[in-house]
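Please walk me through this structure, beginning inside one chain and ending with how the chains are arranged.

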2 protein chains.
Amino acid sequence: MSFSDRLADAVRRDGPLCVGLDPRWDQLPAAIRRTYTGRGPAGVAKAFEVFGARVLDLVRGAAGVVKPQAAFFELAGPDGMRSLQTLLQWARELGFVTILDAKRGDISSTAAAYADAAFGGLPADGETVPVWNADALTVNPYLGADAVEPFLAAAKAADRGVFVLVRTSNPGAGLFQDLRCDGKPLYRHVAAAVAGWNAPTVGASGLGDVGAVVGATHPRELAELRAELPGVWFLVPGYGAQGGTAADVKAAYRADGLGAVVNSSRGVTFPFHPDDPDWEGKVEAAARKAQAELRG
Amino acid sequence: MSFSDRLADAVRRDGPLCVGLDPRWDQLPAAIRRTYTGRGPAGVAKAFEVFGARVLDLVRGAAGVVKPQAAFFELAGPDGMRSLQTLLQWARELGFVTILDAKRGDISSTAAAYADAAFGGLPADGETVPVWNADALTVNPYLGADAVEPFLAAAKAADRGVFVLVRTSNPGAGLFQDLRCDGKPLYRHVAAAVAGWNAPTVGASGLGDVGAVVGATHPRELAELRAELPGVWFLVPGYGAQGGTAADVKAAYRADGLGAVVNSSRGVTFPFHPDDPDWEGKVEAAARKAQAELRG
């Protein structure tokens, strides 16, 4: 089953909410921190794993898609990367579609190494050992077509997906993305490339395996891009803590209700004070509330 | 001592050669593969570490700068990231300036997590534990100023450097980088931003801590950018196996001979057949030859 069709099933079942896993030590529940304090980076990594696993349980049914952010796991070093690997595996076993948000990008054979890490695996001792084994990966397009294509090839070989950064959610995104190049902003050129890469992958749902990252904080651009890219899945960050509202992201959906997954990280996973004994209830409620808002 | 001044010292001492560490299992010397085969990803990671450490010894004196490529270590999973960490540490202890080539880029607090991993460290148990502890990191500018600034701030706090992708060495680099935006190609806009970020960091050598990645495969652009960015260090990939020659990179240097480090990965680290019993001699000779060519 293609990535796009699996994503469509998840969104039909649970709605468009994607829960971002961006663990930060100083925001973790105090009970978890107490258990893993004094063990250095290995303790921090283990705390991320325990917290992330609990969050996965709590948001099941409210979200069908999860998006771990590689940076926060990388900050806990090799142990953190082990926790990232474990959480991705658990998420898949629980039935989530997993998007590894690592914004990778490099030239040819180097891009292929990142792509193999994301989707294929390491050839070792006559077998291929999965590394991240994610359903999809975020990719930075600045290096051009031959830098993106290894990701597309690896995704195709393993029925996975790629989300290319088009219009990011940060306030300063426009410095380069909004430059007018040959009559239209740079991000529209990237969008056109995404449309081309996606076209051969469009499946039963009318959507393909090469998506676009488009921030919720830019509703006008979202609407333009939705019209321009009818067969492209959008990964929409910026909803919730970054200021995007459910109304802002409406433009991201197609008429059939598919076409976008909307990410909330802090808003769903850290809606509590670290000392709150009912942090789990708060996470569960925040996920249900976001699900209802986005479906409404 | 600032990053720029440390880099200037290394280039004055050993010349502009930067040796790229891009380990690939199937190209490793057969003797190393035999020792570590049958141990899965942990064996591959250990083989990368052993090979990389030997290369560091062999290229000492021929190069003062090394650049591990994160992708190849990531493909060996968390164990590979541990080997990356170990090699970066050894390289620093041996006196190399280290550039972690990870092409990171993300919004605000996420970029800060990558930057802390590169330069600062993980706050755990009242101390800050280094993660990669590299002297410099490559950064992708597509997300804009507020996405690059956390890297600049972390670099400044720890006397480290950043190399921003401007004009990459791959054949398809121009798809977006060459688009004409407001009268000049996109990469010149990025170059202008780099000049602005670099200006406040210019030190005793006349060069600053915010560099630019400019491929050896584009000599004309290299010359233009050298003229436009007199105080900016260039990291020049594409020399050697990718086709760039010593003549191609001449334009990257300033009149004082400083201003560029020129990377060779495969050309220096894999100039042998895996079965060659004298692979170490081949690496040493390749490094000396590249040093002489680039100095000549």
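**From one helix to the dimer axis**

In this predicted model, helix α7 of chain B (residues 145–157) lies across three strands of chain B, namely β6 (136–139), β7 and β10, and runs at about 145° to β7(B). Two of these strands, β7 (residues 161–167) and β10 (residues 210–214) of chain B, pair with each other in the parallel sense over 5 bridges. Within this part of the chain, B:F163 stands opposite B:G211 in β10(B).

The strands under discussion belong to a closed barrel of 8 strands in chain B, which runs in the order β1-β2-β3-β6-β7-β10-β11-β12 with parallel pairing. On average, and with direction ignored, neighbouring strands of this sheet are turned by 30° against each other.

The next topic is the contact between the chains. Here 60 residues of chain A are in contact with 60 residues of chain B. Helix α6 of chain A (residues 108–120) supplies the largest share of the side of chain A that touches chain B, with 6 residues. By residue type, that side of chain A divides into 33 nonpolar, 18 polar and 9 charged residues. Of the interface residues of chain A, 100% are also interface residues in chain B, so the copies meet through the same surface.

How are the two copies related? A turn of 180° with a shift of 0.0 Å along the axis lays chain A on chain B with an RMSD of 0.0 Å. The two copies are therefore related as by a two-fold rotation axis. The residue of chain A that comes closest to the rotation axis is A:C181, its C-alpha being at 1.9 Å.

Conventions
Residues numbered from 1 in each chain as written. Chains lettered and ligands numbered in written order. Predicted model: local features only at pLDDT ≥ 70, side-chain atom pairs only at ≥ 80, totals over all residues. Contact = placed C-beta atoms within 7 Å. Helix = DSSP H or I, 4+ residues; strand = E, 2+ residues; numbered from the N terminus. Nonpolar A, V, L, I, M, F, W, Y, C, P; charged D, E, K, R; others polar. Pairing = 2+ DSSP bridges. Axes fitted to C-alpha atoms, helices over the stretch in contact; angles between N-to-C directions. Least-squares fit on C-alpha atoms with pLDDT ≥ 70 in both.
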